[in-house]
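I wanted to look up where nonpolar side chains gather, both on the surface and inside, and I kept these entries as I went.

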Amino acid sequence: MIKELLKAFEDMVYSERYPSLDGSLQRIDPTVKLFMTTIFIITIVSMMKITPLILLMGVVLLLAISSKLPLKSFLFRVTFFIPLFAGIITLPLPFITPGRALASFTIAGLSLNLTYEGIYRMILFTFRVWLSVAFLTLLISTTKFNDILHALSRFKLPQIFIMMASITYRFIFNFINEGYRMILARESRITRKQRRMEVMKTLGNIIGTLFIRAYERGERVYFAMLARGYSGELRSVNGLKVHVRDWAFAIITISICSVVIMLNYIDLVIW
């Protein structure tokens, strides 16, 4: 089970096969994409109605299709972890939010009211999280990780943060594979089904061994980088240029966000 989870995690995180596709978002400059994604997310978290969010959902699905991303895989990635967790943590909202009661329950002497306002807040919060994750996934799926880091450096983020993100991304897959091989080796030596405590003990040993190996490899990589002239700066072979299509994408994005913000504040839209 653990090795299946490791493989699933690797497949979900590893997205370098999609940025090389000839899609609409793949042609946009990473800096513009990063900035526009930020605009989209700021717009999403400021929404107080569900209807404008449905419009943004249509936009994100349209962008995913035009970028040639597999829709089924995309929806699974944006729904599985964070939005699912957000939906779970908002479960108490329908019962603790005051408002119009739709139903009443009594559990262990405790009276609970299911309110319309609470259900609305729960849906709104989960929908906002889902859309934010969807736009971030679009950015990551259509942009090479190095280009995202160079775009971040253009926004003057600290170099130490960018370097740490770069090294973490490069080596996380090595350690996933290392953990996968260790689990495979352990299973090949087992002839009977282990009890739960034995499995937990073995898992603890594997995690501890991985930490030690990660520390040792980190030191070796750092000294190797110093030997090759590492100066603490991130260098790019390919230059990033902003073209007319990038400006067009930015203008369209800002126009969509403006329409969505207007829908959020006009009285004609109830939900």
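The entries below go from the basis of the values to the cores and then to a surface patch.

I am working with a predicted model, in which local features need pLDDT of at least 70, side-chain atom pairs count only at pLDDT 80 or more, and totals for chains, interfaces and linings use all residues. Residues are numbered from 1 along each chain as its sequence is written, and side-chain values use heavy atoms, with hydrogens and water left out.

I looked up the largest nonpolar core (buried Ala, Val, Leu, Ile, Met, Phe, Trp, Tyr and Cys residues joined through side-chain atoms within 4.5 Å; buried means under 20% relative accessible area, exposed over 50%, partly exposed in between, with a 1.4 Å probe and protein chains only). It holds 33 residues, of which Leu-53, Val-60, Phe-74, Leu-131, Phe-135 and Leu-138 touch the most other members. Two or more residues each come from α2 (30-45), α3 (50-66), α4, α7 (116-142) and α11 (244-265), helices being DSSP runs of H or I, at least four residues long, numbered from the N terminus. The most, 10 residues, come from α7.

For Phe-135 I listed contacts (heavy atoms within 4.5 Å), leaving aside neighbours within four places in sequence, and found Thr-37, Phe-40, Ile-44, Leu-56, Val-59, Val-60 and Leu-63. A second, separate core has 10 residues, including Leu-34, Phe-145, Ala-151 and Phe-173.

I then turned to Phe-80, which lies in helix α4 and is partly exposed, with a relative accessible area of 36%.
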